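The exercises below concern the fold of a single protein. Please work through each task before reading its solution.

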Amino acid sequence: MSVFVAWMPDEDALDALSALCASIAAAWPQAGRFKWRDRRQLHMTLRFLHHGLPPDPGPLYARLAEVAARTRRIEVVFDRIEAWPRVLVARPAPAPALDRLFADIEAAATACGEVPERRAAAPHVTLAYPEQRAATLPALLGTGSGSPPPLPFTTCLGRIAIAQTVPGGYDTPHWWPLQEEAAPPDPLA
């Protein structure tokens, strides 16, 4: 079972991401060769917890609550589709606030015993996997004859969650809302 910190989209973002999947699938002749994610599977992984939840997750939950308490809701603009070697993803435009959130979650995880993440953060939402795991995705540019995907679209990252894989999707036993307004500065910082 995979366990990770994630953004689980709200209904409006799920509608936009689902429309994006449907638009690409309709316009792309090879779409039938892919396993498209359904609404319950769409998310943005913010940090894998490589060892799963610790036996006492309280300290990790407390640190994630602190991150959420000092982080304002983040506007995210999904502006491109990328074909990575084994997944099709929607990528957001660069956003300093999203970079800070990744860094803060990384610091929270490592403070609770997780090994530092070696890979650079690459924010994305996975849209599809090839039917055959060994398949490599072709470049999307210039393929298909339908209408272009509905990009860009803007959504708001409004909460972070602990997510665990379950059949057909993810369970989010704990989540923390991000702030509507900027948190006041810490007088002790």
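The following exercises treat confidence, two sheets, a helix and a pocket in turn.

The model is predicted: local features require a pLDDT of at least 70, side-chain atom pairs count only at pLDDT 80 or more, and totals for chains, interfaces and linings use all residues. Residues are numbered from 1 along each chain as its sequence is written, and side-chain values use heavy atoms, with hydrogens and water left out.

**Exercise 1. Confidence**

Determine which elements have the lowest and the highest confidence.

Step 1. The score is pLDDT, the predictor's confidence in each residue, from 0 to 100. Its average over the protein is 85, and 85% of the residues score at least 70.

Step 2. Elements are DSSP runs numbered from the N terminus, helices being H or I with at least four residues and strands E with at least two. Strand β2 has the lowest confidence, with a mean of 86, whereas helix α2 (residues 58-69) has the highest, at 97.

**Exercise 2. The sheet of 5 strands**

State the strand order of this sheet and explain why one side of each edge strand lacks a neighbour.

Step 1. Two strands count as paired if DSSP finds at least two bridges between them. The open sheet runs β2-β6-β5-β4-β7, with antiparallel pairing.

Step 2. At the edges stand β2 (34-36) and β7 (153-157); each has a single partner strand, so one side of each is left without a neighbour in the sheet.

Step 3. Neighbouring strands are turned against each other by 35 degrees on average, direction ignored. Axes are lines fitted to C-alpha atoms, for helices over the stretch in contact, and angles run from 0 to 180 degrees between N-to-C directions.

Step 4. Strands β4 (residues 74-83) and β5 (residues 88-92) pair over 5 antiparallel bridges and form a hairpin with 4 residues between them. Arg80 has Arg91 in β5 as its bridge partner, and Ala83 has Leu88. On the pairing of β4 with β7, also antiparallel over 5 bridges, Val77 is bridged to Thr154 in β7.

**Exercise 3. The sheet of 4 strands**

Give the strand order of this sheet and describe its hairpin of β8 and β9.

Step 1. The order of this open sheet is β3-β1-β8-β9, with antiparallel pairing. Because β3 and β9 stand at the edges with a single partner strand each, one side of each has no neighbour in the sheet.

Step 2. From one strand to the next, the twist averages 35 degrees. Helix α3 packs on this sheet and touches β1 (3-7), β3 and β8, its direction making about 30 degrees with that of β3; contact means heavy atoms within 4.5 Å.

Step 3. Strands β8 (residues 159-166) and β9 (residues 169-177) pair over 7 antiparallel bridges. Arg159 stands opposite Pro177, and Val166 stands opposite Gly169. The hairpin has 2 residues between the strands, and Gly168 takes a positive phi near 80 degrees.

**Exercise 4. The largest pocket**

Which residues lie nearest the centre of the largest pocket, and which classes make up its lining?

Step 1. On a 1 Å grid over the protein atoms alone, a pocket is an open set of points where a 1.4 Å probe fits, with protein on both sides within 12 Å along at least five of seven lines; lining residues have an atom within 4 Å of a point. The lining comprises 28 residues, with Thr45, Phe48, Arg119, Ala122 and His124 nearest the centre.

Step 2. Two or more lining residues come from each of β3 (44-48), α3 (96-111) and β6 (125-130).

Step 3. By class, 15 lining residues are nonpolar, 7 polar and 6 charged. Here Ala, Val, Leu, Ile, Met, Phe, Trp, Tyr, Cys and Pro count as nonpolar, Asp, Glu, Lys and Arg as charged, and the others, Gly among them, as polar.
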